[in-house]
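Me: Please take me closely through the way helices pack in this model. I'd like the partners named residue by residue, along with whatever the record marks out.

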Amino acid sequence: MALPGEEWRRRAARCRAALGPALRERLEAAPLGEALRLGCGLLRPGAEEAVALQRLCRRARTGKEPAAARWYRQEGNRRFGRGCYGDAALLYSQAASHELPGSPEVSLCFANRSAALFHLGHFEVCLEDIARAQSHGYPDRLLPKVLLRKVECLLCLGRVQDAADALAAVENKIAVDGIMTGPEHQTLLKKLNQLKLKVREGESCPEPAREACGDAQRESEIWEENDSISGVSSSLSLKFNAEKGRHLVASQDILPGQNLLKEEAFVSVLCPEEGESRLLQDSGEMVWDAQVTNADLYCHRCLKQLLASVPCRGCSYAKYCSQNCADMAWEQYHRTECSLGGLLLTLGVFCHVALRTVLLAGFSEVSRLVEESHNDDDLPNTKARCKHPSEALDTRTGTRAIPGCNDNGQYQSSYRAVFNLLPHAEKHSPEHKFLCMLSVVAICRKLQEAGLEAAVLNRESSEKGSGLKACEKTSDELSPELQIMAEAMLRHVLQLQCNAQAITVMQELGSGDGAVVNRKPVRLATAFFPVLSLLNHSCSPNISVSFSGTAATVRASQPISSGQEIFHCYGPHRCRMKVAERQQLLSQYFFECCCQACLEELESDDKSVVSMRNSFCCPSCQASMQVGEDVLCCSNEACARSVSRESLSRHLRDLQRQIKQALELLRDSKADEAIKMLLKCQMDARNFLSPEHLLMGEMEDHLAQVYATLGKWQEAARHLERSIQIVETHHGPSSVEMGHELFKLAQILFNGFAVSEALSTIQRAEKILTVHCGPQSTQIRELREMKTCLLELPRSILQRT
């Protein structure tokens with residue numbers, strides 16, 4: 001949710017409608033700082049809107065709740081008992097996040113999670129959880145069992161001497177505590193004796209699963225950084241003109257796959273998912289939702305995928321990959337954000353990004369740049385400056401400087417660069433600006449009421465340095481310092497509509513027996529990348545962007561000639577939608593797209609390629625249907641059947657619903673039923689959809705997935721090859737979409753022992769994915785592992801296949 005929730009938007013709209021015409025006009029014409037001062041009185045403590053907002057915030061449950069912790073831990077135990085160790089580990093993490101700081105119960109969560117991690121083969125992380133359980137006061141009487149698990153982990157990792165030392169510590173503890181009786185203790189002694197034998201023999205336990213190594217050696221890519229733009233290749237240069245604004249241009253010929261830009265996000269915020277409130281009602285009892293969201297799967301600071309999260313000390317929402325990440329987040333911004341969790345979830349991720357941006361920049365830098373912007377506004381021709389701030393005069397050289405550059409003329413990924421991104425304040429609708437203003441006021445009022453102003457201003461005391469100004473403020477006002485921070489925050493919220501960058505990841509989906517890994521792109525976080533923001537849009541871009549944590553890498557996806565501009569795609573792509581749909585979506589960026597793809601489509605009288613491929617066909621003769629507003633007519637004159645667009649659209653929606661049901665059957669391990677339903681959907685679709693319709697390809701893909709779960713590799717490969725043909729038709733033979741499909745085909749052929757076909761497919765997939773994702777990406781490493789395995793087979797087998 002980028003913007004505030006629907007109910008708060010309605011509240012803000014009613015609040016604005018209730019204003020007198022004079023005040024409304026004044027607010028619309030006022031600069032950002034003045035608008036905030038006028039808006040402060042609208043959210044006085046006790047005001048109707050303020051009370052309504054408090055009620056909305058209480059729905060987003062982000063505090064510690066011991067009752068929730070007990071429920072999650074018990075549910076984790078149930079999943080563990082059924083052998084669902086991955087689900088159990090996530091539930092134990094959710095339980096730990098709800099335990100109160102210092103509570104002994106949190107140690108039980110870590111110990112239970114260590115057991116699940118051991119069964120999953122994550123031995124290093126299991127050891128970390130055992131250490132956490134001990135440091136949080138794990139019950140002494142239960143400690144031998146956990147310490148024996150530590151010995152097993154060390155043996156599995158081949159650390160025999162460490163295992164021997166740990167085993168001696170367990171024996172010593174049992175001796176000191178005395179021998180207990182009972183079957184559980186007898187089991188413990190039996191386990192101890194078994195491990196003593198293994199240690200003596202210097203053997204290691206067989207690994208249930210190989211642990212992924214996150215720090216594997218990665219091949220380096222050739223990189224020569226630009227002297228004047230941080231994180232940008234020397235093959236690019238920064239340009240400016242009145243029509244395009246700031247943009248990047250190739251200063252030499254560039255090859256596909258060449259690195260063009262590497263940038264760490266200045267700020268990033270994990271995107272909350274719909275329905276973050278997890279409290280349900282079940283027969284009058286409190287029951288929490290066990291659904292897993294991105295908030296459970298990724299570190300809230302570095303976006304690293306979580307195996308064993310470290311919970312925040314103050315809230316249940318923020319989770320981290322390590323104690324170091326948790327401590328750094330606390331020092332940099334989370335000590336301020338922690339108690340505001342419900343408010344930030346209610347107001348949306350754009351407001352959250354804006355707050356975190358000013359917290360990371362610090363009051364001193366924010367204040368300096370806000371003051372500079374006021375000085376610029378006082379200069380003549382203010383309107384022109386607001387429109388093209390890049391026309392600022394560099395007093396050192398007497399030339400026009402590009403804003404965001406430092407005193408040496410370098411453009412860096414810095415707060416100055418973020419601040420100078422265009423907010424387009426004069427182009428946003430009055431309603432949108434009012435909503436953003438009221439939301440920023442709500443955050444700053446909460447900071448002031450909660451006594452967090454000192455943390456925001458990086459001071460020991462909120463009074464320090466404020467002097468009489470803080471004492472003189474009325475209940476309707478923010479302190480002068482918070483007013484400055486609020487102005488910067490409002491600027492950033494407005495900037496985000498045109499400059500927010502989604503950080504995406506390829507997330508694994510359930511894949512039956514795990515032999516074939518299916519992935520889909522998922523929006524993970526919203527971020528400011530000031531250097532990446534220099535790239536203008538094209539519906540047919542010449543670059544690909546990939547992410548690793550909070551870092552973005554841009555690579556050329558096709559040959560780029562010297563002098564050619566570097567184009568990014570903001571979302572609407574010529575392969576996915578018609579020009580009219582693209583233009584409508586791009587209107588949020590306050591420009592009309594005039595890229596080559598749009599111009600060609602607008603100037604042509606022919607139907608767009610997307611329309612042709614994703615068209616309906618005649619239910620009677622399967623000829624293509626001619627486009628009409630409400631009624632479509634068969635292009636075959638001998639048939640001339642007409643069908644209402646609504647009827648065909650309803651048929652399409654019904655088909656999509658049935659496909660969804662088939663996938664649910666697959667998740668419930670009912671593969672045979674899923675196949676029957678998908679084949680029926682396929683037959684139905686042929687009666688009214690074009691053979692090249694993307695949904696036809698999706699059904700082939702789903703059938704391949706089902707057959708793979710059954711180990712029917714030839715059938716799976718056959719269906720996936722048909723899917724690949726449709727993907728190639730829509731996206732092109734060298735597209736990243738083709739790369740992902742070929743990766744899946746390579747896995748199927750590998751598992752089906754079709755050696756020559758697998759090696760050929762691996763080569764094709766590797767060539768495409770190296771261009772788009774780089775040689776160190778996860779998929780490239782997996783492809784190379786498959787290739788190595790196949791090439792190591794005996795020559796006689798290779799010759800037969």
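Reply: UniProt positions are in the numbering used here, with feature names shortened, and such annotations may be inferred rather than shown by experiment. With that caution, the unreviewed UniProt entry lists residues 299-338 as "domain: MYND-type". Over residues 299-338 the chain is 38% helix and 10% strand, where helices (H or I, at least four residues) and strands (E, at least two) are DSSP runs numbered from the N terminus. The end C-alpha atoms of that stretch are 15 Å apart.

Some ground rules: this is a predicted model, local features need pLDDT of at least 70, and side-chain atom pairs count only at pLDDT 80 or more, while totals for chains, interfaces and linings use all residues. Residues are numbered from 1 along each chain as its sequence is written, and side-chain values use heavy atoms, leaving out hydrogens and water.

Now to the packing, starting with α7 (residues 105-120), which has partners in both α6 and α9. Helix α6 (residues 85-98) packs against α7 at about 160 degrees, with the axes 9 Å apart; axes are lines fitted to C-alpha atoms over the stretch in contact, and angles run from 0 to 180 degrees between N-to-C directions. So α6 is roughly antiparallel to α7 (over 145 degrees; under 35 is roughly parallel, 65 to 115 roughly perpendicular, the rest oblique). The crossing of α6 and α7 is left-handed, meaning the near helix is turned anticlockwise from the far one by less than a right angle; clockwise would be right-handed.

Who touches whom? From α6 come Y85, G86, A88, A89, Y92, S93, A95 and A96, and they meet V106, C109, F110, N112, R113, A116, H119 and L120 of α7 (contact: heavy atoms within 4.5 Å). By class that's eleven nonpolar, four polar and one charged, with Ala, Val, Leu, Ile, Met, Phe, Trp, Tyr, Cys and Pro as nonpolar, Asp, Glu, Lys and Arg as charged, and the others, Gly among them, as polar.

For its other partner, α7 packs with α9 (residues 143-156) at about 30 degrees, axes 11 Å apart. That angle is why α7 counts as roughly parallel to α9, and this crossing is left-handed too. Here α7 offers A111, S114, A115 and F118, while α9 brings V146, R149, E152, C153 and C156. The mix is six nonpolar, one polar and two charged residues.

Elsewhere, α3 (residues 32-39) packs with α22 (residues 480-499) at about 115 degrees, with their axes 9 Å apart. The pair is therefore roughly perpendicular, and α3 passes α22 in a right-handed crossing. L32, G33, L36 and R37 of α3 meet Q483, A486, E487, L490, R491 and L494 of α22. Those residues split into five nonpolar, two polar and three charged.

Last, a helix on a sheet. Three strands form an open, antiparallel sheet in the order β15-β16-β17, a pair needing at least two DSSP bridges. The edge strands are β15 (625-626) and β17 (642-644). Helix α26 (residues 645-667) packs on this sheet, touching β16 and β17, and its direction makes about 65 degrees with that of β17. In the unreviewed UniProt entry, residues 645-672 are listed as "coiled-coil region"; that stretch is 89% helix and 0% strand, its end C-alpha atoms 34 Å apart.
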